[in-house]
Amino acid sequence: MKWQIFGNSDAGGLSWDENLIQLSGASVFQTHSWSKYKKNMGWDSLKLAAKDSNGSTKAMIQVLYQRRIGSLVLAWAPGGMAGDLELCDHDLRERICKTLGSHKTYLRVGFLHTSHGEKMRTLIAKGWSPSSHRMNAKI
């Protein structure tokens with residue numbers, strides 16, 4: 001299964017949302033509308049979908065990102081990934097970095113579901129590493 005880029009146009013966004021709601025773990029923070037809202041705050045978005053040989057969508061991730069000094073990219077996937085987490089492997093991380101044209105990417109993934117611990121264990125088994133820093137909103 002290969003991760004493919006999903007278009008960011010409004011038409012692509014509608015298709016994105018239609019596919020997203022079919023997957024387990026989908027959240028409002030993964031929708032096209034959320035990416036449009038965050039664009040007004042300086043975030044760009046990259047949408048990726050893993051499809052099987054029949055064209056069925058098996059997993060999706062929306063990565064919001066900002067370019068920083070040099071080739072550093074700060075990336076954030078609020079709401080985490082939707083669908084089969086077993087597909088979130090080295091190929092996905094490589095595809096994100098290559099697409100963003102970055103040699104150094106800090107990607108933060110946040111899950112909003114009660115199975116957070118189970119999802120973390122799955123991602124760690126796939127080569128992801130947990131952050132040593134906790135994120136807090138201090139408003």
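Y37 is partly exposed in this predicted model, with a relative accessible area of 42%. Its partner is W34: the two rings have their centres 5.1 Å apart and their planes at 40°, so the pair is tilted. Both residues belong to helix α2, and because they are 3 residues apart there, about one helical turn separates them. The grouping goes further, as F29 joins W34 and Y37 in one aromatic cluster.

Let's turn to the aromatic pairs more widely. A search of the whole structure gives 4 of them. Besides W34 and Y37, another tilted pair is formed by W43 and W76. Here are the two side by side.

| Aromatic pair | Centre to centre | Angle between planes | Arrangement |
|---|---|---|---|
| W34 and Y37 | 5.1 Å | 40° | tilted |
| W43 and W76 | 5.7 Å | 55° | tilted |

Where do W43 and W76 lie along the chain? W43 sits in the loop between α2 and β2, while W76 is in strand β4, 33 residues apart, so that this pair links distant parts of the chain. The accessibility of each partner is worth a look too. W43 has a relative accessible area of 13% and counts as buried, because the cut-off for that class is under 20%. W76, at 22% relative accessibility, is partly exposed.

Now for the nonpolar interior. The largest nonpolar core holds 18 residues, and W3, L46, L48, I61, L92 and I96 are those with the most contacts inside it. Two or more residues come from each of β2 (44-51), β3 (57-67), β4 (72-78) and α3 (90-100). Of these elements, β3 gives the most, with 4 residues. L48 offers a good view of the surroundings: leaving aside neighbours within four places in sequence, L48 touches W3, Q4, I5, W16, A59, M60, I61, L92, R95 and I96. There is also a second, separate core of 7 residues, with F6, L23, A49 and A82 among them.

One polar residue rounds off the tour. Is Q30, in the loop between α1 (10-20) and α2 (32-39), buried or exposed? Q30 is buried, with a relative accessible area of 1%. The side chain of Q30 reaches the backbone oxygen of G80 at 2.8 Å. Beyond neighbours within four places in sequence, Q30 is in contact with W16, L20, G25, Q62, P78, G79, G80, M81 and A82.

How values were computed
Residues numbered from 1 in each chain as written. Predicted model: local features only at pLDDT ≥ 70, side-chain atom pairs only at ≥ 80, totals over all residues. Heavy atoms only, no water. Buried < 20%, exposed > 50% of the residue type's maximum accessible area, 1.4 Å probe, protein only. Polar contact = N/O pair within 3.5 Å; in protein donor to acceptor, adjacent residues only side chain to side chain. Contact = heavy atoms within 4.5 Å. Core = buried A, V, L, I, M, F, W, Y, C linked by side-chain atoms within 4.5 Å. Phe/Tyr/Trp six-rings, centres within 6.5 Å; stacked < 30°, edge-to-face > 60°.
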